[in-house]
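Got your viewer open and ready? Let's take a walk through this one together, one selection at a time.

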Amino acid sequence: MLFILLIFTAAVKYLKSKGVKVLGDPFVTPSGDTQGETWVYFETPWGSKLELVSYPNGKAYEKTSPKVTLWSPKNESASVSSRNEIADTKKYNTIVERHFEIWNGTDQKKRFADMNDIYSSSIEMVDSHFIAVGNDEINKFIVDLQQKNPSFKFTVKSVEINNNIIRVYWKNGPKSKPAAVTGMDLFVIENGKVQKLYVFVDGIK
């Protein structure tokens, strides 16, 4: 593991030597479905965020013989398995509905139960200002958001599904101004759960 981290750190050092803005230090996932994965985010010259990721010895979930495995550059044949993650429209729409119930609801016991059902234990929520990893960090953000805007609710404007990617346009605000804030979320589904959630906020109107 130390050898792998040293190689990954060398890659990050190379990016920095070329003037690339690296967002934080390499993070090694210690447990959960993606245990054994090392990752770090960096910013392109035009402002987009990309991820440098490595898991040369595989991820923890692969040791459980899952029905669906993710594509890996180590094994080209794995791409066949990744194509099996075909969108189940009804199931994915249910995930979206429950996601916004999580963000609108105030019952924390129910929230965590719903999170465990539809979010991966190692879910990453990537915002333009921060990255939250795991249900505890996301829950803290939700509680803070609700305390700041107790009358605001999320409403779905549209949902688009492309294989294991879900794109959702939403609005957020009180009844008097339901679209006070608008934005878009990208869900990455792995093994039937949300593994990554990318949040894009348009701004306050």
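Start with the whole chain in cartoon view: its secondary structure comes to five helices and nine strands. Keep in mind as you look around that this is a predicted model. Reading from the N terminus, the elements run α-β-β-β-α-α-α-β-β-α-β-β-β-β. If you colour by accessibility, the buried residues make up 37% of the 205 residues in the chain. As for contacts between residues at least 6 apart in sequence, 39% of them join residues at least 24 apart.

**Stop one: a sheet of three strands**

Select S1 (21–28) and S3 (49–54), then add S2 (residues 38–43). Together they form an open sheet in the order S1-S2-S3, with antiparallel pairing. Which strands stand at the edges? That would be S1 and S3: each has a single partner strand, so one side of each is left without a neighbour in the sheet. Turn the view and follow the twist, which averages 15 degrees from one strand to the next.

Now zoom in on S1 and S2. Five bridges join this antiparallel pair. For a landmark, pick Val22, which stands opposite Phe42 in S2. A bit of background while you're here: strands of a sheet pair through backbone hydrogen bonds, either parallel or antiparallel. It's also handy to know that in a regular strand the side chains alternate between the two faces of the sheet.

**Stop two: a proline in a loop**

Next, select Pro56, in the loop between S3 and helix H2 (78–82). Is Pro56 buried, partly exposed or exposed? Its relative accessibility is 34%, so Pro56 counts as partly exposed. Add Thr38 and draw a distance between the two C-alpha atoms: you should get 9.4 Å, for residues that are 18 apart in sequence.

**Stop three: two helices crossing**

Move on to H4 (residues 108–118) and H5 (residues 135–148). Their axes come within 11 Å and cross at roughly 135 degrees. The two helices are therefore oblique to each other, and H4 passes H5 in a right-handed crossing. Which residues make the contact? Show these as sticks:

- From H4: Gln108, Arg111, Phe112, Met115 and Asn116.
- From H5: Asn135, Asp136, Ile138, Asn139, Ile142, Val143 and Gln146.

Colour them by class and you'll find five nonpolar, five polar and two charged residues in this contact.

**Stop four: a hairpin**

Now select S4 (residues 119–126). Seven of its eight residues are buried, so S4 is largely enclosed by the rest of the structure. Follow the chain onward through the hairpin, where four residues join S4 to S5. S5 (residues 131–133) runs antiparallel to S4, and three bridges join the two. To see how they line up, pick Glu124, which stands opposite Val133 in S5.

**Last stop: a buried asparagine**

Finish at Asn172, in strand S7 (residues 165–173). With a relative accessible area of 7%, Asn172 is buried, since the cut-off for that is under 20%. What does Asn172 touch, leaving aside residues up to four places away in sequence? Show Phe152, Lys153 and Phe154, which are among its contacts. Then add Lys177, Pro178, Ala179, Ala180 and Val181, which Asn172 touches too.

Note on methods: Residues numbered from 1 in each chain as written. Predicted model: local features only at pLDDT ≥ 70, side-chain atom pairs only at ≥ 80, totals over all residues. Heavy atoms only, no water. Axes fitted to C-alpha atoms, helices over the stretch in contact; angles between N-to-C directions. Parallel < 35°, antiparallel > 145°, perpendicular 65-115°, else oblique. Left-handed = near helix turned anticlockwise from the far one by under 90°. Contact = heavy atoms within 4.5 Å. Nonpolar A, V, L, I, M, F, W, Y, C, P; charged D, E, K, R; others polar. Buried < 20%, exposed > 50% of the residue type's maximum accessible area, 1.4 Å probe, protein only. Pairing = 2+ DSSP bridges.
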